[in-house]
Every structure is written in structure tokens, then in C-alpha cells.
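Please take a moment to look over the sequence and the three-dimensional view together before reading on. The paragraphs that follow lead you from the whole chain to single residues.

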Amino acid sequence: MFTVYGLNGRVYSGPLEGLRALEPVQAVARLRAVAPVSSMLESEAQAKAGVLRAEPNPEANLMALGSPEPRPRDALAAYAKAQARVLPDEKRQPLRLVEELMSRNLVTVPAVASVAQGLAMLSQAKVGQAPVLNPRGRLVGLLLRGDLLPVPDDVEDAQAWSAWFARPVGDVMWSPVPSAHADTPLREVAQALLDFRLPGMPVSDEKGGLLGFISRSDILRALTREPPLELWT
């Protein structure tokens with residue numbers, strides 16, 4: 001189950017299929033996708049150019065010359081060793097729901113904060129995104145670090161930078177924002193993050209109160225845990 005919240009309160013509550021068809025969320029997703037496309041293309045071009053101009057890495061060469069490639073036998077031995085650390089009577093429960101994986105250490109940004117303050121909060125917490133709350137503590141948006149550092153036409157225009165950082169985060173946040181319920185299947189959340197190109201999603205109760213946050217990093221971290229991991233069974 002998903003719920004969408006905006007500045008005017010709850011916009012939608014229902015399954016993933018309805019969320020995909022919700023025009024306000026689709027509109028925000030399209031708007032956010034416009035700017036990153038050219039940036040990603042430029043980054044890819046620069047990366048390719050950088051590879052062509054890159055100097056040889058002495059450490060990489062030493063590793064290539066002095067360290068033999070891992071053999072399949074070694075990989076199997078490492079896997080067996082990892083499994084041996086799990087007690088025979090220990091039963092690892094498969095991860096299926098958001099509440100089993102979400103982070104409960106919440107970092108939030110007030111809607112009245114400035115862009116400069118929002119960026120400082122994200123940097124201090126070392127996170128790339130955070131839910132935005134109105135003065136009543138209700139979810140109204142999602143603040144992404146990537147939306148806080150646009151490059152102005154004139155990078156040396158100090159007045160333009162000052163005006164940008166003085167704007168409220170409400171002007172640049174993602175809103176309306178989808179949120180997942182604690183009992184939402186992880187597979188559906190992963191699909192929603194892909195559909196809307198989001199790095200994470202707030203987890204809320206039926207009244208809009210925040211319970212936690214589920215990010216792509218949380219899902220990837222679960223995939224790298226010691227075996228056996230049965231995330232999707």
C-alpha cells in the first residue's frame with residue numbers, strides 16, 4: 001500500500017498500480033527527469049574522455065602482476081566459510097516487508113527551512129535525501145541533494161547563488177511525494193523507486209506520521225548480507 005502526500009495533504013492512498021497512474025506524481029517525475037538527462041549524458045561523455053586520457057595506475061598494475069586471479073575453488077571456499085558462521089539451528093527469515101528493512105533513524109527537514117539550511121542538514125547527516133515536514137509535523141515532500149545544487153548560467157554570479165540558497169526548500173522539494181506503508185512488500189517499493197526515479201521513499205502510517213525511510217541503499221545492503229539471503233522468496 002502507498003500513500004501520496006503534498007502541500008495540501010493526502011493526495012492518494014492505494015496500490016502500486018494506482019500510484020503509477022496518478023498524474024500529479026507522474027508530472028513531478030517527468031519534471032525532475034528533464035534536468036538530469038543532459039547532465040548524465042555530459043557525465044558519461046566526460047567519463048569516457050577521462051578513460052581515454054587516464055594515466056596508468058601503478059597500484060592496479062602491481063595488483064595485476066603480483067596477485068593471481070581468484071579461482072572458482074577459492075570463491076566456493078569463501079561461501080562455505082560464510083555459511084559456517086550461521087548456526088545450524090538459526091533460521092534466517094526472508095525479508096519481505098518494508099518494516100523489516102526500513103531505517104528508523106529519521107532525518108527530516110522543515111518546509112520553512114532555506115535551501116542552504118536543507119543542504120547543511122543533509123550534509124551533516126551524510127544522507128542524499130530527507131522527508132520534508134510542515135509545521136504540524138506532517139509529510140509534504142522529499143528533499144533530494146541533487147536538487148539543491150543546480151549550476152546557474154553564470155557560476156561566478158554571487159548574487160544568483162545567494163538568492164538560490166535563500167529560497168525555501170518548499171520551492172525545490174519533490175511534492176507530492178509517494179510514501180510506503182510499513183507492510184508494503186519490498187518488491188513493490190523497489191519497483192516504485194525505479195518507476196519514479198527516486199533514491200528513497202518515506203514510510204508513513206495512515207495518518208501521515210513518519211515511521212521510517214526506505215532507500216535503494218537499504219535494499220542493496222540487504223542483497224550483500226551473508227548467505228543465505230532469501231530476499232524475494
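**A walk through the model**

Arg 197 is exposed, with a relative accessible area of 55%, where exposed means over 50% relative accessible area, buried means under 20%, and partly exposed lies in between, as found with a 1.4 Å probe on protein chains only. This residue lies in the loop between α7 (186-196) and β7 (200-204), and phi of Arg 197 is near 55°, which is a positive value in a residue other than glycine. The model is a predicted one, in which local features need pLDDT of at least 70 and side-chain atom pairs count only at pLDDT 80 or more, while totals for chains, interfaces and linings use all residues. Residues are numbered from 1 along each chain as its sequence is written, and side-chain values use heavy atoms, with hydrogens and water left out.

Now consider the chain as a whole. The protein chain has 8 helices and 8 strands, where helices (H or I, at least four residues) and strands (E, at least two) are DSSP runs numbered from the N terminus. Of its 233 residues, 33% count as buried. Among contacts between residues at least 6 apart in sequence, 62% join residues at least 24 apart, a contact being heavy atoms within 4.5 Å.

How high is the mean pLDDT of the protein chain? It is 75, with 67% of the residues reaching 70 or more, on a scale from 0 to 100 that gives the predictor's confidence in each residue. Confidence is lowest in helix α3 (residues 58-66), at a mean of 36, and highest in strand β3 (residues 109-110), at 94. Over residues 36-70 the pLDDT is below 50, and this stretch has 2 contacts in the model beyond near neighbours in sequence. Where pLDDT is low, the predicted coordinates should not be read in detail.

Lys 126 offers a second case of positive phi, since its value is about 60° although the residue is not a glycine. Lys 126 is found in the loop between α5 and β4, and it counts as exposed because its relative accessibility is 75%. A further backbone feature is the peptide bond from Ser 175 to Pro 176, which is cis, with omega near 5°; Pro 176 is found in the loop between α6 (158-166) and β6 (177-180).

Is Ser 204 buried or exposed? Ser 204, found in strand β7, is buried, because its relative accessible area is 1%. Leaving aside neighbours within four places in sequence, Ser 204 is in contact with several residues, among them Tyr 5, Ser 179, His 181 and Leu 210. A polar contact of 2.8 Å joins the side chains of Ser 204 and Ser 179; such a contact is a pair of N or O atoms within 3.5 Å, of which, within protein, one must be able to donate a hydrogen and the other to accept it, and residues adjacent in sequence count only if both atoms are side-chain atoms.

Asn 134, in the loop between β4 and β5 (139-144), is also a buried residue, with a relative accessible area of 16%. One polar atom of the side chain of Asn 134 lies 2.8 Å from the backbone nitrogen of Arg 138. Apart from neighbours within four places in sequence, Asn 134 is in contact with Ala 111 and Val 140, and its C-alpha is 8.9 Å from that of Val 109, although the two residues are 25 apart in sequence.

Arg 145, found in the loop between β5 and α6, counts as partly exposed because its relative accessibility is 29%. The side chain of Arg 145 reaches the backbone oxygen of Leu 122 at 3.5 Å, and the contacts of Arg 145, not counting neighbours within four places in sequence, also include Leu 119, Ser 123, Val 127 and Gly 128.

Which residues lie nearest the centre of the second largest pocket? They are Ser 103, Val 127, Gln 129, Phe 213 and Ser 215, out of 14 residues that line this pocket. The lining divides into 6 nonpolar, 6 polar and 2 charged residues, and β4 (129-133), β8 (210-215) and α8 (216-223) each supply at least two of its residues. Here a pocket is an open set of points, on a 1 Å grid over the protein atoms alone, where a 1.4 Å probe fits, with protein on both sides within 12 Å along at least five of seven lines, and lining residues have an atom within 4 Å of a point.

Technical notes
Ala, Val, Leu, Ile, Met, Phe, Trp, Tyr, Cys and Pro count as nonpolar, Asp, Glu, Lys and Arg as charged, and the others, Gly among them, as polar.
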